[in-house]
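Biologist: I'm new to this one. Could you show me the structure and let me quiz you on how its features get their labels?

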Number of protein chains: 4
Amino acid sequence: MRIDLNSDLGESFGPWPMGQDAALMDSISSANVACGFHAGDPGTMRATIALAREKGVAIGAHPGFQDLAGFGRREIKATPAEVEDLVLYQVSALAGMASAQGVRLQHVKAHGALYNMACRDRALAEAIARAVVALDPSLILFGLPNSELLRAGQAAGLRVAAEVFADRSYDPDGSLTSRATPGSVIHDTQKVVDRAITMVRDNKVIAVDGSTIALQADTICLHGDTPGAAEHARVLRRALEGAGISVGSWSD
Amino acid sequence: MRIDLNSDLGESFGPWPMGQDAALMDSISSANVACGFHAGDPGTMRATIALAREKGVAIGAHPGFQDLAGFGRREIKATPAEVEDLVLYQVSALAGMASAQGVRLQHVKAHGALYNMACRDRALAEAIARAVVALDPSLILFGLPNSELLRAGQAAGLRVAAEVFADRSYDPDGSLTSRATPGSVIHDTQKVVDRAITMVRDNKVIAVDGSTIALQADTICLHGDTPGAAEHARVLRRALEGAGISVGSWSD
Amino acid sequence: MRIDLNSDLGESFGPWPMGQDAALMDSISSANVACGFHAGDPGTMRATIALAREKGVAIGAHPGFQDLAGFGRREIKATPAEVEDLVLYQVSALAGMASAQGVRLQHVKAHGALYNMACRDRALAEAIARAVVALDPSLILFGLPNSELLRAGQAAGLRVAAEVFADRSYDPDGSLTSRATPGSVIHDTQKVVDRAITMVRDNKVIAVDGSTIALQADTICLHGDTPGAAEHARVLRRALEGAGISVGSWSD
Amino acid sequence: MRIDLNSDLGESFGPWPMGQDAALMDSISSANVACGFHAGDPGTMRATIALAREKGVAIGAHPGFQDLAGFGRREIKATPAEVEDLVLYQVSALAGMASAQGVRLQHVKAHGALYNMACRDRALAEAIARAVVALDPSLILFGLPNSELLRAGQAAGLRVAAEVFADRSYDPDGSLTSRATPGSVIHDTQKVVDRAITMVRDNKVIAVDGSTIALQADTICLHGDTPGAAEHARVLRRALEGAGISVGSWSD
């Protein structure tokens, strides 16, 4: 049994550092690198690629809306054509910077509001899939299980990866419980570990109402911007491996 | 005898149009496409690539400082590392967008203040050359004849192209007369044509003091943002061809 | 009888001109000046203020979302607090620049998507009203007749102005027909003039289905970005005055 | 005897925090608040004004070049007119946001590269002074002792304040030793305290070569972005007060 662990990295900007990229890279297998629109700048991107290369972590593009002040977390009513172009621009920028270091991109994961909108909205999902196919049809597209984004990726002939969150609670319909709901973020490391193992081994998760949800889990997202994130990641990786689940990207 | 005609295109941004790209592309052989930092946006880049592809015009990247309000014309004291990263980012973005349309970039021409600074400053010139070599060593680097930029490109193993301006007067030392000097921009089309032919045929130009300057001319820059630019370009191209000089890019 | 004529001006940015500000200012009584977030830059703002002052046109702030590429026309899911802050920032910037030229702002009109969202959404409308009251409670707040924006302004103790569009068709419920609908924009100058006079004199407009809608008309918006906009404005102003309706701002 | 202690605050941006504003405000008397061009955003500005108001710290505007990625630390060759406009815009924005909280600005201190350039270049210095005078001639202009910036402020009729750095070494000509020089930044708190007291009491400082430089000291700048900055500030303030030097702004 095998799972990918991914995290959003390279989210510093200019004079402002963010995250614990180096420490996290010791535990994850795939890095989603910000591409300059919601976070990241050319220098940060270069450094993040170099770090991932050194640590043997696979690199993916993490394109978002052009909204630094809002960190790409605010929905922007963009047209499918606008989304296709901004994804293509950002993924291309990172792909070129990676190739300059002799590295090939592994995947694309849309960021924040763009990810959430594309998981729900087929036209935006298709726009993202079109951009990825046009640039490099061997790229893997990340998305929520059963989302429009995954379906659009598959329809476009892309390999897709269903992404799950071991530290978030799920509603009975399989969607993530809103962050506004108390208990929606799980801080207890042991609980997170247990959920992760169940997700990977049994392809299911227990929803907030106690019901069981079937869900495909190809990659688990680890948040890197919380205190203790790196230690948390180390514990999770060790626990997965202890349970006979190897951690690795598609490039390993 | 043969010469390339290049022009800066794709300089619209969001709701603001600029230039007469479609008309100019009937006469030029190489388009320098803005990459989003001083002008251009992903949608404009996509449309400009499509237009160049349709018209058979070779495409180059035109990276500049991140200064929309100043259109990349203001010098910014950036470090060589910063310049290397911003050039690599922008050229990569355009290269990916072009490859998504099945087109390969032909060249890189730095824009505005970045171009001028890199022509004088060896460390910045080397930074640009490093970025280009790392991304694609088959790209041709544009620069002023005898500039640090051309020398750095050659030292890095790149093919380079010496760029001349048929509508600008030259100082005796081979540099362009400052735009602030009256007469520094030549508006008379016949004079521009005569100078262009002399530049290409004889590799020389008459300076403001009447002296003769030797200069290599691989590509002539046509300004696209002046009224009548497209008509001016048509006349120049016809005159060059009438003088037995074929117009074409390195991709033709 | 009296009406205000307003237009969105100062929408150039850096090297990109937009509109025919000087010509339009001969016909309008109030200028909505972009504040740098969706259009406009400090130099454009200074020049637009100077022009309005010279022409005797009252000045208002035209704050929008921070989205140059989208010209502030794309909805961004911002919180009321974010909206309050961005309106306060932009109106303050323009107010200070105007006061530096000895001019006091007359009004505030939100731009594009921000205007449309605040006309519908009470929480955003209140956020805008709060910002305006905090900065200067004598400012007049523009909004659609019967909108949440006008109601929030009134509830906050502000003077408000109901804005109508003589060149747009109305649905029976009093809202503007979507621009996507054929015929939603009226290009015939005589029809526009007739509608404007009916709006001002009778406080009503004929909807697309022939029904009559009552609507308060304090100010008519003239679009400045269409060809012939200045001539169109001249004709409308002359026709209004010919019909005994004087044109003037609240500052006249 | 009396001295002002100032610090650059409000330098967070969007999701990226910076500095220890609340802790520093317990020790300083004047806060230089970033205005959105090199750092700061409308929400950060509002919060910083509220904090300063609560802590009784006087507020000044800290306008900089529009260069988030470079944090306003890179020189940009802007014209005096461009500098005048960008200073007027930023100071106006902050002044309005402060007035919305019932607070009046006390001073203006240019940031980073803009400050350094204006200290040396009379035309830029005059541009800044013009902007400040036009907006509010009661504002105090900060600058290096003997700088063009202070002279231009005085010539324009402004009250000026000579700013010194107790934790930086000085060259014999009275300028700050380049940060690139080892020992140019003094980390020993006791040494910083001794220098501060000498500066305030004797209006002099010992240069790197041991010579004595006369310099006017109206306000001491404390850096807020170093670890231990808040504790350092507390010690300095207590030491100054222990030496009979009261700490206060011009608004106290």
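Modeller: Let's go through some rings, charges and nonpolar contacts; keep in mind that this is a predicted model.

Biologist: Why is the pair C:Tyr89 and D:Tyr89 called edge-to-face?

Modeller: Two rings pair if their centres lie within 6.5 Å, and planes over 60 degrees apart count as edge-to-face. Here the centres are 6.1 Å apart and the planes sit at 65 degrees, so the C:Tyr89 and D:Tyr89 rings earn that name. By that rule there are 24 aromatic pairs over all chains.

Biologist: What makes it a pair that crosses between chains?

Modeller: C:Tyr89 belongs to helix α3 (residues 80–99) of chain C, while D:Tyr89 belongs to helix α3 (residues 80–99) of chain D.

Biologist: And how do you know whether C:Tyr89 is buried or exposed?

Modeller: Buried means under 20% relative accessible area. C:Tyr89 has 2%, so it's buried. D:Tyr89 also comes out at 2%, so D:Tyr89 is buried too.

Biologist: What makes you say A:Lys109 lies over the face of A:Tyr115?

Modeller: For Lys, NZ has to be within 6 Å of the ring centre and within 35 degrees of the ring normal. A:Lys109 is at 5.9 Å from the centre of the A:Tyr115 ring and counts as lying over its face. In chain D, D:Lys109 lies over the face of D:Tyr115, at 5.9 Å as well.

Biologist: Which residues touch the most other members of the largest nonpolar core?

Modeller: Out of its 316 residues, A:Ile128, B:Ile128, C:Ile128 and D:Ile128 do. Leaving aside residues up to four places away in sequence, C:Ile128 touches several residues, including C:Val83, C:Leu114 and C:Leu149.

Note on methods
Residues numbered from 1 in each chain as written. Chains lettered and ligands numbered in written order. Predicted model: local features only at pLDDT ≥ 70, side-chain atom pairs only at ≥ 80, totals over all residues. Heavy atoms only, no water. Phe/Tyr/Trp six-rings, centres within 6.5 Å; stacked < 30°, edge-to-face > 60°. Helix = DSSP H or I, 4+ residues; strand = E, 2+ residues; numbered from the N terminus. Buried < 20%, exposed > 50% of the residue type's maximum accessible area, 1.4 Å probe, protein only. Core = buried A, V, L, I, M, F, W, Y, C linked by side-chain atoms within 4.5 Å. Contact = heavy atoms within 4.5 Å.
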